[in-house]
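This report looks at one helix pair and one set of paired strands. Keep the sequence and the 3D view open while reading.

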Amino acid sequence: MDHLPSSDALPGIRGLTSVSSKPLLTRDFDVHPTATYEGLRAAHGPVAPVDLLGVPCWLVLGYAEVLEVLRNDARVWSKRLADWRAYTQGTVPADWPPLPAFRAGGVAFTEGREHSELRAAWSAALRPFQDRSQDPARRLEAELRRHADELIALLGERGTTGRADLADEYARPLMLMAINRLAGFGEADEDVLLDIRRLLDGGPQAAEASGRLMDLCGRTCAARRSAPGEDFPSYLIAAWPDCTDEQAAAAMTHLLGKLGDLTVTLVCATVVEVLSEEAAGALAGGMVRETVNRAAMVHPPYANLTFRFALADTVLGGTVIAAGDPVMLSVAAAHADPSFAGAHDPASVFSSRAHLAWGAGAHQCPGGALATTLATIAVERLQERMAWLEPALPPDRLPWRSSVFVRGLRSLPVRYGLREPSPAPPFRPSAEPSEVVEPASQGTLRRLVRVLRRTGR
């Protein structure tokens, strides 16, 4: 990356407002975003000007360019809203839909020492769940397997064969239970679980749901200061003792939203890969985790990342970026870049780990390993319990969410056949603590699935 003198001395540098750009979010983008990315790449190269809901930005399409910005070795890119020229000049519409998320701050929108301290606290709070040798991680995984088996048993109540929406009848309720466990909310309450779902939806009910969850998170954090538990807020407060309840609650709400979106989207994307011929060899070898990595490469949960802002006039992929201009990194487009995609055998899962689904550099997603583990367990349980599984719709008719940032399925209709259930292992009161798991509330899961099916996206 080359740094340039001030744009005042370089008349060739034009601000985004003077560059012709077309709206990114169109009907064609909703149906087939890959074609939109490739059209922009053909017209502009690895960096293209686009209009995002009335706000101009640079969309970074090239794998090398996306990785360069993520690594930020030259320290020329910032996530701080104060470094966005249009925002500080007051030209960003107050009702611009993504603005509340950008204003929320937290670990995703800080830099320097503040970001390093927040990142360290987040890493410490997630470590007990991501280090699979620790008891909290082992207990979480055991609970997730039990919940998965209970949800599959609910499908079995209709008979050994049938049709189901694996999004609303399996992935979403399963991951809502996992998030509830991480948050330390106690016994699963379907009203709380549905508020988490409303927050993830980002629809008209999201603001009220967010308010209720923030209040619940605040009360949970206040309680954990005097009575720590085995949950994210307890570990976060231990690693960040100077945080206020409001700051801890904001971090909890961020975890609910981000991890919820990541895991549900990744489970559904992996099942789509499972149903493809390319993944058959990997599954035959028991390599579900590699298939999850492949799904993250083919269908990254966060197709496009939130803005970065240029701290100085610079050149990226042959395009001059003026100081204060926003860039949006397209992970989905980067994975389709011929310089990256062409280097990999589409029938192989051994080349899947160079993907950028979790980002890279200082702002790499701190929960990527946990999301991968949760998705792997969810798909493994399906593989164990299903005698056969096939899509009920062709790939080009699957309903995807309309969103610039998240690319996930609204529903995943399948036809299935269940194996005969294995007998439950005998209860062993002398088992190690990490092996003893309290049974989940089948009634809660049943009611949750019923509501999700009724209010499906």
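## Two crossing helices

In this predicted model, the axes of helix α10 (residues 206–226) and helix α11 (residues 232–239) come within 9 Å and cross at roughly 60 degrees. Two packed helices are described by the angle between their axes and the distance between the axes. The crossing of α10 and α11 is right-handed.

Which residues make the contact? On α10 they are T220, C221, R224 and R225, and on α11 they are P233, S234 and I237. Sorted by character, the residues of this contact comprise three nonpolar, two polar and two charged.

## Strand β3 and its cover

Strand β3 spans residues 47–52. Is this strand mostly covered or mostly open? Strand β3 is mostly covered, with five of its six residues buried.

## The partners of β3

Strand β2 (residues 22–23) pairs with β3 in the parallel sense, over two bridges. In this pairing, P23 stands opposite D51 of β3.

Strand β4 (residues 55–60) is also joined to β3, by six bridges, and these two strands run antiparallel. Here L52 stands opposite V55 in β4.

## The turn between β3 and β4

How many residues lie between β3 and β4 in their hairpin? There are two residues between the strands. One residue in the turn, L53, has a positive phi of about 55 degrees. To follow the hairpin in the 3D view, start from β3 (residues 47–52), pass L53 in the turn, and continue into β4 (residues 55–60).

Conventions. Residues numbered from 1 in each chain as written. Predicted model: local features only at pLDDT ≥ 70, side-chain atom pairs only at ≥ 80, totals over all residues. Heavy atoms only, no water. Axes fitted to C-alpha atoms, helices over the stretch in contact; angles between N-to-C directions. Helix = DSSP H or I, 4+ residues; strand = E, 2+ residues; numbered from the N terminus. Left-handed = near helix turned anticlockwise from the far one by under 90°. Contact = heavy atoms within 4.5 Å. Nonpolar A, V, L, I, M, F, W, Y, C, P; charged D, E, K, R; others polar. Buried < 20%, exposed > 50% of the residue type's maximum accessible area, 1.4 Å probe, protein only. Pairing = 2+ DSSP bridges.
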